[in-house]
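Visitor: I have a structure open and would like to learn how to read it. Where should we begin?

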Amino acid sequence: MTARLVFDVAAGLAILFAAVMVVHRHPVKSVLALVVSFFALSVAYVMLSAPLIAALQVIVYAGAILVLFLFVLMLLNVPEEVRQKSGRPIHHTLSALAIVVFAAVLLGALRAHGATNAAPSTSPLTGEVAPVARLLFSEHLLSFEALSILLLAALVGAFALARREGRT
Amino acid sequence: MTANGIPLGDVLLASGALFALGLAGALMRRNAISIFLAIELMMNSANLAILGYASTLQSVEGQIVVFFVIAIAAAEAAVGLAIFVAMFRHTETIDVNRINLLKW
C-alpha cells in the first residue's frame, strides 16, 4: 500500500509539473518545470522496481538533455510567447478536439484492456541491475553497439549542423 | 498489479495523462523548442507505460527497451537542437508560424 501511495504522489507531481510546463509561455520556465516533472517520474520508476532507469532518467534526461535545451534557449535568447490576438480560432478548436478525442480513446482502451491479460513470467523481478546488464550485454549486444554508433553519428551531425558556415 | 502492488491502471492513467499533456503542448505552442519539449514529455509517458507493463509481467526486457529509448532521445535532442540553431541563423526566429518557406 505504501508503494502505491508513493507512486501515486510521484505520478501526480509529474502530471502537475507537466501541466505547468505546457501552460507557461516562457520557455525557460517550462524547461525548469519539466526538470521537476522528470525527477518525480524517476521516483515513479523506482516504485516500478526499475532503479537503473530511474538513475538514467535523472542523469541523462534531467541532467543532460534538459540542460542542453536550457543552453540552446539561452544561446538563441528565445522571447516569451506573446498571446495571439488575431489567431485562427479553428486551430485552437481543432487542438482541443484532438486532445479530448485522444483522452477518450485512451480511457476507453484502458477500461477495455487494463491488466487483464498479464501473465507473470517465471523469473521474479527484484529491481536489481545485474539481470538487466546480463540481458543487455548478451542478447542485445548488437543493438547496444549499434546505439553507440548512432550516438557518434548524432554527435558529428549536430556539430556539422550547428557550425558557423565559412569558418573552419 | 505490478511487482510492488501498484495497480497497472494507476500507471496507465498517469502515462495517458502525461501523453495528453504532451500532445496539448505540442499543438498549442508556437516556439519550436517548446514543441520539442512537449515531444520529450510524450516519450517519457511511453517509457512509464512500458515500465508499468514490464513490472506487471515481471520482465527485465522492458527496462532494456526504455534504456534504448532514453539513448535515442539523447541523440534526437542533440540533432534537433542543432537544427534549431542552424535555422535561427538563417531566419532569426524559431517561431514555427514564421518558418514557412516550404509552405504553399
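Guide: Begin with a definition. A nonpolar core is a set of buried Ala, Val, Leu, Ile, Met, Phe, Trp, Tyr and Cys residues joined through C-beta atoms within 7 Å. Keep in mind that this is a predicted model.

Visitor: Which residues touch the most other members of the largest nonpolar core?

Guide: First the general idea. In soluble globular proteins, nonpolar side chains tend to be buried together. Now the case here. The largest core has 68 residues, and A:Ala14, A:Ala44 and B:Ile33 touch the most other members. On chain A, helices H1 (2-23), H2 (27-47), H3 (51-76) and H6 (141-162) each give two or more residues to this core. On chain B, helices H1 (8-28), H2 (32-56) and H3 (61-91) do so.

Visitor: Why does this core lie between domain 1 and domain 2 of chain A?

Guide: Both domain 1 (1-79) and domain 2 (130-168) of chain A give residues to this core, so it lies between them. The centres of the two domains are 23 Å apart, taken over C-alpha atoms.

Visitor: What does B:Ile33 touch, not counting residues up to four places away in sequence?

Guide: On chain A, B:Ile33 touches A:Pro27, A:Phe69, A:Val72, A:Leu73 and A:Val78. On chain B, B:Ile33 touches B:Phe84 and B:Ile94.

Visitor: Now a single residue. Is A:Ala11 buried or exposed?

Guide: Count neighbours. A residue is buried if 20 or more other C-beta atoms lie within 10 Å of its own. A:Ala11 has 24 other C-beta atoms within 10 Å, so A:Ala11 is buried. This residue lies in helix H1 of chain A. Leaving aside neighbours within four places in sequence, A:Ala11 is in contact with A:Ala44 and B:Ala14. Check A:Ser42 too: A:Ala11 and A:Ser42 are 31 residues apart along the chain, and their C-alpha atoms are separated by 9.5 Å.

Visitor: How many residues does the contact take from each chain?

Guide: It takes 63 residues from chain B and 68 residues from chain A. On the chain B side, H1, H2 and H3 of chain B each give two or more residues. H3(B) supplies the largest share of that side, with 20 residues. By type, the chain B side divides into 44 nonpolar, 15 polar and four charged residues.

Visitor: How should I read the overall form of chain B?

Guide: Start with the elements. Chain B has three helices and zero strands, in the pattern α-α-α along the sequence. Its radius of gyration is 17 Å, well over the 13 Å that the globule rule gives for 104 residues, so chain B is more spread out than a compact globule. Along its principal axes, the C-alpha trace of chain B spans about 50 × 25 × 20 Å. Of the 104 residues of chain B, 51% count as buried.

Visitor: And chain A: how many helices and strands does it have?

Guide: Chain A has six helices and zero strands. Buried residues make up 26% of its 168 residues. Among contacts in chain A with a separation of 6 or more, 56% join residues 24 or more positions apart.

Visitor: Where does H4(A) lie, largely in the open or buried?

Guide: The number of buried residues among the 24 of H4(A) is zero, so this helix lies largely in the open. H4 (residues 89-112) of chain A reaches 35 Å from its first C-alpha to its last, close to the 34 Å expected at 1.5 Å a residue.

Notes: Residues numbered from 1 in each chain as written. Chains lettered and ligands numbered in written order. Predicted model: local features only at pLDDT ≥ 70, side-chain atom pairs only at ≥ 80, totals over all residues. Domains from an automatic or database assignment. Buried ≥ 20, exposed ≤ 12 C-beta atoms within 10 Å, placed from the backbone. Helix = DSSP H or I, 4+ residues; strand = E, 2+ residues; numbered from the N terminus. Contact = placed C-beta atoms within 7 Å. Rg over C-alpha atoms; globule rule 2.2 N^0.38 Å. Nonpolar A, V, L, I, M, F, W, Y, C, P; charged D, E, K, R; others polar. Expected span 1.5 Å × (residues − 1).
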